[in-house]
Amino acid sequence: MSETAPELPAWHARSFYAQILLIVTVLAQAAGIDVAGWIERLGFAGERQLLDFVVAIMPALFGLWAWLERRAPRFRLVFRRVLT
């Protein structure tokens, strides 16, 4: 990453939200939360096996999304700007 790239607050980057979704889905699965059942209650009823598959691959998809976003950055992500 180039030190000359302009700064961008981390929470303005799409990859930040991809990583948040990744963490949330992994924690939900680890806690035994039935995400597929929650999706069904939202009206996306379908084959339970398909929903289970989607829930299982969500962390991988969110991780891939975050990696692709940060692979060729146009900005340096910062959490706090240094005042000069």
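**Exercise 1. Get your bearings: work out which elements the protein has and how they are ordered.**

Start by counting: the protein's secondary structure is made of three helices and two strands. Keep in mind that this is a predicted model. Next, walk along the chain from the N terminus, and the elements come in the order β-α-α-α-β. Then look at how the chain meets itself: take the contacts between residues at least 6 apart in sequence, and 75% of them join residues at least 24 apart.

**Exercise 2. Sort inside from outside for the whole protein.**

First, the inside: of the 84 residues, 24% count as buried. Now the outside: the accessible surface adds up to about 6600 Å². Carbon and sulfur atoms account for 65% of that surface.

**Exercise 3. Find T25 and decide: is it buried or exposed?**

Step one is location: T25 sits in helix α1, which covers residues 14–30. Step two is the number: T25 has 10% relative accessibility. The cut-off for buried is under 20%, so T25 counts as buried. Step three, check what its side chain is up to: a polar atom there lies 2.9 Å from the backbone oxygen of L22. Step four, skip the neighbours within four places in sequence and see what else T25 is in contact with: M58, P59 and F62.

**Exercise 4. Follow F62 from T25 into the largest nonpolar core.**

Begin with the touching residues. Ignoring those up to four places away in sequence, F62 touches A18, L21, L22 and T25. Now for the core: F62 belongs to the largest nonpolar core, together with A28, V35, A36, I39, L51, V55 and M58, which makes eight residues in all. Where do they come from? Helices α2 (35–41) and α3 (48–71) each supply at least two of the core residues. The largest share, four residues, is from α3. Notice that M58, another member of this core, also turned up among the contacts of T25.

**Exercise 5. Go back to helix α1 and compare I20 with T25.**

I20 is found in helix α1, and T25 has its place in that helix too. Look at the accessibility next: I20 comes in at 39%. Partly exposed covers the range between under 20% and over 50%, so I20 counts as partly exposed, whereas T25 counts as buried. To finish, see which company I20 keeps on the surface: W11, Y17, I20, V24 and F79 form a nonpolar patch there. Together these residues have about 540 Å² of accessible area.

Technical notes: Residues numbered from 1 in each chain as written. Predicted model: local features only at pLDDT ≥ 70, side-chain atom pairs only at ≥ 80, totals over all residues. Heavy atoms only, no water. Buried < 20%, exposed > 50% of the residue type's maximum accessible area, 1.4 Å probe, protein only. Polar contact = N/O pair within 3.5 Å; in protein donor to acceptor, adjacent residues only side chain to side chain. Contact = heavy atoms within 4.5 Å. Core = buried A, V, L, I, M, F, W, Y, C linked by side-chain atoms within 4.5 Å. Patch = residues over 30% accessible without salt bridge, like charges linked within 9 Å, V, L, I, M, F, W, Y side chains within 5 Å. Areas by Shrake-Rupley, 256 points an atom, 1.4 Å probe, with all protein chains shown as cover. Salt bridge = Lys/Arg side-chain N within 4 Å of Asp/Glu carboxyl O.
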